[in-house]
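Thanks for passing this one along. Here are my notes, in numbered points, to read with the structure open beside you.

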Number of protein chains: 2
Amino acid sequence: MKRLTSSQSARALLVFASFAFAAQILAQTDSLPSWNEGTAKNRIVGFVEATTTQGSPHFVLPAERIATFDQDGTLWVEHPMYTQVLYCLDRVPALVKAKPELANVEPFKTALTGDLEAIAKLSMAELEKVLVATLTGMSVDAFSAEVNRWLAQAKDRRWKRPYTDLTYQPMQEVLEYLRANGYRTYIVTGGGQDFVRVYSARVYGVPPEQVVGTAGATTFGYDKHGRPLLTKEPKLLLNDNDAGKPEGIHLMIGQRPHAAFGNSTGDQQMLEYTAAGDGARLMMLLLHDDAAREYAYGPAMGLPDTKVGTFSQPLYDEAQKNGWTVISMKNDWKRIFPFEQ
Amino acid sequence: MKRLTSSQSARALLVFASFAFAAQILAQTDSLPSWNEGTAKNRIVGFVEATTTQGSPHFVLPAERIATFDQDGTLWVEHPMYTQVLYCLDRVPALVKAKPELANVEPFKTALTGDLEAIAKLSMAELEKVLVATLTGMSVDAFSAEVNRWLAQAKDRRWKRPYTDLTYQPMQEVLEYLRANGYRTYIVTGGGQDFVRVYSARVYGVPPEQVVGTAGATTFGYDKHGRPLLTKEPKLLLNDNDAGKPEGIHLMIGQRPHAAFGNSTGDQQMLEYTAAGDGARLMMLLLHDDAAREYAYGPAMGLPDTKVGTFSQPLYDEAQKNGWTVISMKNDWKRIFPFEQ
């Protein structure tokens with residue numbers, strides 16, 4: 001090929017320079033447009049810049065850029081009840097149709113009524129019976145298909161929208177911003193790993209293998225045609241709540257996160273584990289203090305206590321003492337949901 | 001910016017065309033130079049081209065490009081004994097120093113002799129006692145540090161080299177070739193997940209989170225300074241052998257692989273599970289038939305049987321019947337190790 005003259009080279013350089021300039025403009029645009037200016041937003045941006053700028057004393061190698069996010073109450077709405085529990089309750093009529101003897105047996109009798117207030121009064125042991133009966137005993141493929149069917153038609157009572165619409169736009173921006181800066185974003189949820197994996201890629205851009213959750217055993221076997229299949233068993237392998245979160249992170253990721261986001265006492269140990277690493281670490285807790293736009297709950301700051309997602313006073317105190325950042329939904333977020341303009 | 005004249009645009013196009021041409025040349029270079037021409041190599045290249053060419057009937061979305069590899073005997077040498085077992089045996093003197101009463105108790109008494117023939121005669125239950133005593137009870141960070149120290153000084157008796165040198169160059173090329181084509185390469189090993197994760201990134205280019213292995217529970221707690229730590233417990237969560245391999249793949253990855261590589265009956269169910277998916281799938285088994293350059297073992301094809309890595313006759317028959325590819329180390333590989341020229 002003919003060599004370029006020096007004037008042609010200069011022009012070529014100009015073309016490249018203009019691309020570089022455009023890239024710089026893009027980089028300066030706001031990656032977190034749904035966040036109000038303030039401490040929370042500054043901490044996120046400051047952390048990302050400190051850990052991804054070559055030569056920074058807090059630079060983190062790309063291989064070690066791991067960020068973990070609780071799901072319920074951190075990435076999407078968890079009231080009036082965890083979405084997965086609503087799924088399980090909606091499966092009860094079909095369950096009773098297949099086993100009519102359950103219709104008059106608790107907890108199925110109450111679950112059948114669909115009365116969330118009555119259902120909320122079931123004990124944890126009773127609720128677990130509903131979960132086990134509706135989440136196990138089928139192949140993993142049949143389960144995924146069932147969850148997909150349900151997600152396509154079920155709607156939240158307040159917003160009259162599919163549950164997968166009820167993710168928090170500001171957190172979607174954090175996920176995307178971290179990924180754009182070389183972080184692998186993991187969901188670390190007390191919810192069922194198999195449940196969340198069904199929709200994590202399309203809802204959060206998080207592939208199934210980056211979802212860590214409460215997980216049961218499966219058993220490998222063959223169907224009547226000799227075709228291999230995995231069956232979901234009522235045997236718990238990982239209770240991914242509280243101390244189970246760092247244990248699950250070690251089991252499934254094998255690296256300590258540099259950033260962790262949660263909203264309740266179930267996330268405390270994940271944040272402690274994250275904070276205990278060297279160098280820059282980002283620990284954030286979302287406080288639900290916005291009854292008008294979403295919900296207000298948890299005893300911290302005098303909000304009413306509820307059964308799910310408790311942001312306790314001791315957790316709030318620990319956050320203050322350790323310099324973790326408490327995100328105020330009311331003050332830090334311009335916008336709550338992607339469907340709002 | 002000044003617009004380019006049409007002649008300048010033509011020249012700019014030429015510059016881009018020359019880059020494209022260079023890229024094409026690169027693509028045509030042999031990605032598997034240590035493989036002899038033949039069925040095995042053709043199957044690998046054919047699979048990659050069929051699943052990554054846009055418009056191909058077997059095209060696989062990048063999000064679903066998962067390939068799994070057994071480690072011992074598939075990616076590196078497993079004779080005369082699994083490397084991790086050698087690590088455990090080497091830890092026994094320190095263990096006995098800390099607990100002198102073990103010196104005269106089996107299996108520690110035999111393990112202390114270092115006599116591999118005598119050690120090979122220990123029962124599985126006895127061997128497990130050595131594994132539990134040397135792989136649990138410490139923090140995960142202390143364990144990683146100990147494995148790193150050992151890997152830096154321990155040497156294989158035949159090649160007089162660190163164990164991490166004894167990976168198979170042709171398989172390293174397959175890992176790299178798959179990754180260059182958008183596949184995430186996972187190690188799915190019967191060996192300890194925590195053990196393999198210590199060196200997987202530097203030895204295979206596989207990050208810790210892409211290692212699935214036999215895994216024990218950990219317990220989250222605090223050290224005497226109140227600093228969080230995870231302690232390795234003698235409680236098995238996943239026995240990642242046989243049926244445990246597809247079960248482990250579901251637990252840790254949540255997607256069925258499109259390609260799977262193994263070398264023994266312990267990999268049978270992983271290959272069956274892989275094969276049972278739709279579209280193009282690649283199932284390969286490495287046959288150790290090269291006593292001169294490595295080892296020859298397993299009853300398939302009349303080779304002597306041994307305790308580790310058994311490539312049984314039924315597995316060989318199943319591979320033939322199902323069209324899985326058997327790789328002959330002797331005939332398909334030009335070169336065995338990276339250190340050979």
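1. Let's begin with the interface, bearing in mind that this is a predicted model. Chain A brings 41 residues to the contact and chain B brings 40 residues.

2. Between them, chain A and chain B bury about 3,600 Å², with 59% of that on carbon and sulfur atoms. Three residues are worth finding on your screen: E209(A), F220(A) and L251(A) supply 18% of the area that chain A buries against chain B, more than any other three residues.

3. On the polar side, four salt bridges are counted between chain A and chain B. One of them pairs R256(A) with D141(B), where the closest N and O atoms are 3.6 Å apart. The two chains also have 20 residue pairs in polar contact, counting pairs with both residues at pLDDT 80 or more.

4. Which parts of chain A supply at least two residues each to the side that touches chain B? They include the helices α1 (6-28), α7 (140-153) and α10 (244-252), along with the strands β3 (211-222) and β4 (228-238). By class, this side of chain A has 20 nonpolar, ten polar and eleven charged residues.

5. Now for chain A as a whole. It has 13 helices and seven strands, and its C-alpha trace spans about 85 × 60 × 40 Å along the principal axes.

6. Of the 341 residues in chain A, 52% are buried. The accessible surface of chain A is about 15,400 Å², and 55% of it belongs to carbon and sulfur atoms.

7. Lastly, take the contacts in chain A between residues at least 6 apart in sequence: 65% of these join residues at least 24 apart.

Technical notes. Residues numbered from 1 in each chain as written. Chains lettered and ligands numbered in written order. Predicted model: local features only at pLDDT ≥ 70, side-chain atom pairs only at ≥ 80, totals over all residues. Heavy atoms only, no water. Contact = heavy atoms within 4.5 Å. Buried area = accessible area lost by both parts, 1.4 Å probe. Salt bridge = Lys/Arg side-chain N within 4 Å of Asp/Glu carboxyl O. Polar contact = N/O pair within 3.5 Å; in protein donor to acceptor, adjacent residues only side chain to side chain. Helix = DSSP H or I, 4+ residues; strand = E, 2+ residues; numbered from the N terminus. Nonpolar A, V, L, I, M, F, W, Y, C, P; charged D, E, K, R; others polar. Buried < 20%, exposed > 50% of the residue type's maximum accessible area, 1.4 Å probe, protein only. Areas by Shrake-Rupley, 256 points an atom, 1.4 Å probe, with all protein chains shown as cover.
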